Amino acid sequence: MEDRMTVPMNQSLAVQENIVLPGDTNAHDTMFGGLLMKRIDETAAISARRHCRGSVVTASNDGVHFHRPIQRDDIVVLESYVCSVGRSSMEIFVKIMTENASRDSERKFAAISFLTFVALDEEGKPTPVPGVEPQSSEEVSVFRDRDIRKQMRLKKREETNGLIHALIGDAAG
């Protein structure tokens, strides 16, 4: 791989905080998953843009892996940063925490998500991005399994493409 600039992961840190209001919840008084996914994508996009200093597009979302429900009146804190890169792609780690300010101020781990973004030049074509360097123990832990996540992502893409081709073939027949 060619020499390229490397930057600390925390340079791309983005934080979004919101209160979960009644209109944000389902019949179980927990936050709508789709609303959380929207906020995850927004926060991750900010991290990607900060890292590459340009335009980005979401390439994939590995999903949201819940550890605990997010309740009405919780404060939801999303922290994201670029945790791995390819030539023009960036893997973003999003950590979702909650706190209930009326009971205590302790933040509790609620979920995690990994997304992939691609940096685009002025013509909308993929463009190279800087490398990343982990510094904190959390960043090192997230960085460590990057190759495993990449292989899982590539396998999932292959499966999805196979299904799409099968469905197109069924529709054409």
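Salt bridges first: this predicted model holds 13 of them. Three are worth walking through, and here they are side by side.

| Pair | N to O distance |
|---|---|
| D29 and R72 | 3.2 Å |
| E138 and K95 | 2.7 Å |
| K155 and E159 | 2.9 Å |

Take D29 and R72, whose side chains meet in a salt bridge. D29 sits in the loop between strand 2 and helix 1, while R72 belongs to the loop between strand 3 (55-66) and strand 4 (75-85), so this pair ties together parts that are 43 residues apart in sequence. How open to solvent are the two partners, in relative accessibility? D29 comes out at 31%, which counts as partly exposed, and R72 gets the label partly exposed with 33%.

Now for E138 and K95, with their closest N and O atoms 2.7 Å apart. This pair also links distant parts of the chain: E138 is in helix 2 and K95 in strand 5 (residues 89-99), 43 residues apart. Is K95 buried or exposed? K95 is buried, because its relative accessible area is 12% and the cut-off for buried is under 20%. E138, on the other hand, is partly exposed at 28% relative accessibility. Both residues also turn up in a network of salt bridges, where they are linked with E17, E79, E99 and R107.

The K155 and E159 bridge is a local affair. Both residues lie in helix 3 (residues 146-172), and they are 4 residues apart, about one turn of the helix. K155 is exposed, with a relative accessible area of 53%, whereas E159 counts as partly exposed at 42%.

Back to the loop that carries D29. T30 lies there too, between strand 2 (14-19) and helix 1 (33-52). T30 is buried, at 16% relative accessible area. What does T30 touch, leaving aside residues up to four places away in sequence? The list is D24, T25, P69, I70 and Q71.

That loop leads to helix 1, which has 20 residues. From its first C-alpha to its last, helix 1 reaches 28 Å, close to the 28 Å expected at 1.5 Å a residue. Its buried residues include L36, R39, I40, T43 and A44, along with A45, S47, A48, H51 and C52. After helix 1 comes R53, whose phi is positive, near 55°.

C52 brings up the cysteines. How many disulfides does a search of the whole structure find? The count is 0. C52 is in no disulfide, and the nearest cysteine sulfur, which belongs to C83, is 15 Å away. For a disulfide, the two sulfur atoms would have to be within 2.5 Å, so C52 and C83 don't qualify at 15 Å. C52 is buried with a relative accessible area of 18%, and C83 is buried as well, at 0%.

C83 has one more link to mention, this time to helix 2 (residues 137-144), where V140 lies. The C-alpha atoms of V140 and C83 are separated by 9.0 Å, although the two residues are 57 apart along the chain. V140 itself counts as partly exposed, with 36% relative accessibility.

Note on methods. Residues numbered from 1 in each chain as written. Predicted model: local features only at pLDDT ≥ 70, side-chain atom pairs only at ≥ 80, totals over all residues. Heavy atoms only, no water. Helix = DSSP H or I, 4+ residues; strand = E, 2+ residues; numbered from the N terminus. Buried < 20%, exposed > 50% of the residue type's maximum accessible area, 1.4 Å probe, protein only. Contact = heavy atoms within 4.5 Å. Salt bridge = Lys/Arg side-chain N within 4 Å of Asp/Glu carboxyl O. Expected span 1.5 Å × (residues − 1).
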